[in-house]
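Work through the exercises below with the structure at hand. Each task is followed by a solution in steps.

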Amino acid sequence: MKPLAFTALSLAVLPASAALAPQEEFDALVQRLTARAERAVSENAYDGLVVVVGVGDDVLMERGWGRFPGGALAEAASPLRAAPLSVLAALQLVDEGKIDLEAPVGKYLEGLEWEGTEVTVHHVLSHTSGLIGWSDAFRAKGDVGTDVKSLVGLVKELGVQSAPGECFAYSETNALLVAAIVEAVAQKPLAEVVQSGILAKAGAESSGFDVEGAPPAQEEAARSQEIDGDQIHVEPAAFPFGEDGFSASALDLFRIRRGLTARTLAGDAMIDAIKEPKRLNDGTQLGYGYGVSVGRLGSLEAITTGGSADGTTVHFA
């Protein structure tokens, strides 16, 4: 039996100001990358793999190995399921002064507040809100609509499980609220915000919602689950905002990263919000930022992000 294998994208980007290595050093780097990628695919570590390397506006290497879900050849422009960039859209609105990181979520989503505690935009972006994930509770109840308004109402009903800022817990509830806040503030669907505010500005050519040639989304089957001693029929998960239909390619992720570095997708306020270390109430520093964080490539500072969907892992730096 073939071992469980994931599809991966690995992108490396250097600013145009970076000192270029001699051609022979770059050639040696490409040879090492190629050898490691070919070995990983041949050993079934990945079903498919794409590497894109660029300096400034120039793409110096773009190559793929293997195949992606759905059978498409792994190429730099091949679309893959990815997270719909709602965090970047929210941080752009922060940059424009339309969203305050320290404001309570109820300022943007009417009625979403709880007595005795305050969940802020910062809390949902950093996954420190203390709000429980809505999916299991939604499935157990079985009578909640899958539209955004109904899901936000369920979040209100479920309440805060721990004090905001007390602990880190990745939750789809936080992602739901971030996207809902973006739509409320922008007064347009998330898909339009992402398309006009991120993809178009970055020059993305094969990314977006319901892109032609994108691999089929994996369908989760209904199942039963034991809850409080009872067997409950569990429906497949809901995907608000059509987020299960968003795709991005390795080359477009390179373009988005380039836009962040060049400040064409964001100004200093947003970049500062990304780079600032996130901490819990007790001062503990988190390894997770706003879904977008800062990494290093030697002495160079790089904005990084990553995520997964349908068995696909996407990273770029």
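Angles between helix axes under 35 degrees count as roughly parallel, over 145 as roughly antiparallel, 65 to 115 as roughly perpendicular and the rest as oblique. The axes are lines fitted to C-alpha atoms over the stretch in contact, and angles run from 0 to 180 degrees between N-to-C directions. The model is predicted: local features need pLDDT of at least 70, side-chain atom pairs count only at pLDDT 80 or more, and totals for chains, interfaces and linings use all residues. Residues are numbered from 1 along each chain as its sequence is written, and side-chain values use heavy atoms, with hydrogens and water left out.

**Exercise 1.** Classify the packing of helix H2 (residues 86-95) and helix H9 (residues 268-275).

Step 1. The axes of H2 and H9 are 7 Å apart, at an angle of about 125 degrees.
Step 2. H2 and H9 are therefore oblique to each other.
Step 3. Contact means heavy atoms within 4.5 Å. Leu88, Leu91, Gln92 and Asp95 in H2 meet Asp268, Ala269, Met270, Ala273 and Ile274 in H9.

**Exercise 2.** Locate His127 and Gln187, and state whether each is buried (under 20% relative accessible area), exposed (over 50%) or partly exposed (in between; 1.4 Å probe, protein chains only).

Step 1. His127 is in the loop between helix H3 (121-125) and helix H4 (134-141), with phi near 55 degrees.
Step 2. The relative accessible area of His127 is 5%, so His127 is buried.
Step 3. Gln187 is in the loop between helix H6 (172-186) and helix H7 (190-202), with phi near 60 degrees.
Step 4. The relative accessible area of Gln187 is 73%, so Gln187 is exposed.

Terms used. Helices (H or I, at least four residues) and strands (E, at least two) are DSSP runs, numbered from the N terminus.
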